[in-house]
Amino acid sequence: MSFSNTAGQVIRCKAAVAWEAGKPLVIEEVEVAPPQAMEVRLKILFTSLCHTDVYFWEAKGQTPLFPRIFGHEAGGIVESVGEGVTDLKPGDHVLPVFTGECKECRHCKSEESNMCDLLRINTDRGVMLNDGKSRFSINGQPIYHFVGTSTFSEYTVVHVGCVAKINPAAPLDKVCVLSCGISTGLGATLNVAKPKKGSTVAIFGLGAVGLAAAEGARIAGASRIIGVDLNAKRFDEAKKFGVTEFVNPKDHDKPVQEVIAEMTGGGVDRSVECTGSINAMISAFECVHDGWGIAVLVGVPNKDDAFKTHPMNILNERTLKGTFFGNYKPRSDLPSVVERYMNKELELEKFITHEVPFSEINKAFEFMLKGDGLRCIIRMDA
Ligand code: NAD
Ligand code: ZN
C-alpha cells in the first residue's frame, strides 16, 4: 500500500459518527486532518466493538460528549507521521491502544505501572493533546475523538505513544482484538492475579474479556476455572476456553461468594472480575480464600458506584487489585502478546463470533446489547 500522495493533506473518508447518546451511528464523510507533532495518521483495516464503546455511547449517568467517533479495538497501517515521530513510518502494521506509553514519565519508567502520566486513558477528553483540538470535522464542525483512538473511521489520528508496532506477518483481522479486550483479560490473570500452577480461579463475566482471563488461567496451569455469569447462554461458549465449572448467581438463593466458598473449601485462590457490575466486584473479592486470595477488578463501574465490604475481609489477608489493559505497556509489551498468537500459544479465532461490513456497524452494537457472541469484527473495506 502506498500513501505518498496523501501525506500532509486532509483526507476525506467514511466514519461512523455517534451524533447522540444511544442513537444508531451514522456513516458520514468526514475530513481527517494530517497528524501534528508526535501524532500518526492510521488507515484502519479492521475494528471490533468492546463493551467500553457501548458504555460511553449509551452515556448513562455520565457527562456526554457528542458528536463523537467511537472505537478503540482495531488494527491498521500507518499512513503518515507528524513531526518528531521516529519509531514509526508509513506502511508499519500497528494496533492503536486506548491507553498510552510516553516512555518518559515515572510510570513508564517503572517496571510495575502502565498508567502513563501523559497518555493514560481519559474518557472525557475528545481532542488531541498537541493543540486541544479534534482532527475530525464535517463541513467545519469538529467531531470529538474517543480515548485517543476513534477507530470507527477509515482514517484516524493517534498519539504515537498509543500505537504498538507489530509483526507485519500477523493477520490484522485476528490480532486487532488484542488491542483491547483480549490483552486486558489475559494480562489481568497473567500479570496481575498471577495464579500458581494447580490453583483455583473464578472468573466473573464470561464476555470476551472474561474468557481471555480464563485463557490466562489455563495458560498458567490452573486446576479449576469457575465461570460466573448471569447469562446462561455464555456457558456453552465458555467451555471452549477451559472453564471447568459454571455458577449462575440467579440459580442460588444465597450470595455467589458463599456458593463459591462451599465449592472450594473456603474460597478460590484467585478471582478476576470482568463485568462492570459493582455487585460482581464485591462478590469477586469476597469469594477469594483468606490468607492468600487475590481478586482483580477489570470491569468499568458506573459513575456513582462505591465498593463496600467489611474491613475484616481485608484484615483476613485477602488482596484487592485492579488493572487497566492487563498491566501491559502498549508499545513495549503488546508486540510480544501478538507473538504469543503467532506461536499458537494463544488462540484468537474462538473469540471472533461475528463479522460485519463497515456499513452495518450498528449490528455489532445489537449483538453486544443482546449478549450474542463475543467479538464482532468490522471490515472497513466492505
Ligand atoms: P461483555 O458485555 O461482553 O461481557 C460482560 C459479561 O458480564 C456478560 O456476559 C454479562 O452477562 C456478565 N455480567 C454482568 N453483570 C454480572 C453479574 N452481576 N454477575 C455475573 N456476570 C455478570 O463485556 P466485555 O467486552 O467482555 O467487557 C467486560 C468489562 O470489562 C466491561 O465492563 C468493560 O467495560 C471492561 N473493560 C475494562 C478494561 C480495562 O482495561 N480495565 C478493558 C476493556 C474492557
Ligand atoms: Zn508515560
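**Exercise 1. Find the residues that form one aromatic cluster.**

Start from the pair criterion: rings of Phe, Tyr and Trp (its six-membered ring) pair if their centres lie within 6.5 Å. One cluster consists of Tyr55, Phe56, Phe66, Phe70 and Phe146. The structure holds 11 aromatic pairs.

This is a predicted model: local features need pLDDT of at least 70, side-chain atom pairs count only at pLDDT 80 or more, and totals for chains, interfaces and linings use all residues. Side-chain values use heavy atoms, without hydrogens and water; residues are numbered from 1 along each chain as its sequence is written, while chains are lettered from A and ligands numbered from 1 in the order in which they are written.

**Exercise 2. Classify the ring pair of tryptophan 57 and phenylalanine 365, then place both residues.**

Step 1. Recall the classes: planes under 30 degrees apart are stacked, over 60 edge-to-face, the rest tilted.
Step 2. The centres are 4.8 Å apart and the planes stand at 65°, so this pair is edge-to-face.
Step 3. Locate the partners. Tryptophan 57 sits in helix α1 (residues 51-58) and phenylalanine 365 in helix α11 (residues 361-370), so the pair ties together parts 308 residues apart in sequence. Helices (H or I, at least four residues) and strands (E, at least two) are DSSP runs, numbered from the N terminus.
Step 4. Check burial. Buried means under 20% relative accessible area, exposed over 50%, partly exposed in between (1.4 Å probe, protein chains only). Tryptophan 57 is buried at 7%. Phenylalanine 365 is buried at 3%.

**Exercise 3. Do the same for phenylalanine 235 and phenylalanine 246.**

Step 1. The rings lie 4.7 Å centre to centre with 40° between the planes, and the pair is tilted.
Step 2. Phenylalanine 235 belongs to helix α6 (residues 233-238) and phenylalanine 246 to strand β12 (residues 245-247), so the pair ties together parts 11 residues apart in sequence.
Step 3. Phenylalanine 235 is buried, at 13% relative accessibility. Phenylalanine 246 is partly exposed, at 25%.

**Exercise 4. Describe the site of the zinc ion (ligand 2).**

Step 1. List the donors (N, O and S atoms within 2.8 Å of the metal, or 3.2 Å for Na, K and Ca). The protein donors are Cys102 (SG), Cys105 (SG), Cys108 (SG) and Cys116 (SG), lying 2.3 to 2.4 Å from the ion.
Step 2. Test the geometry. Four donors count as tetrahedral if all angles lie between 85 and 135 degrees. The angles here are 103 to 121°, and the site is tetrahedral.
Step 3. Read the spacing of the donor residues: C-x2-C-x2-C-x7-C.
Step 4. Check burial. Cysteine 105 is buried at 11% relative accessible area. Cysteine 116 is buried at 0%.

Notes: Tetrahedral: all angles 85-135°; square planar, octahedral: opposite > 155°, others 65-115°.
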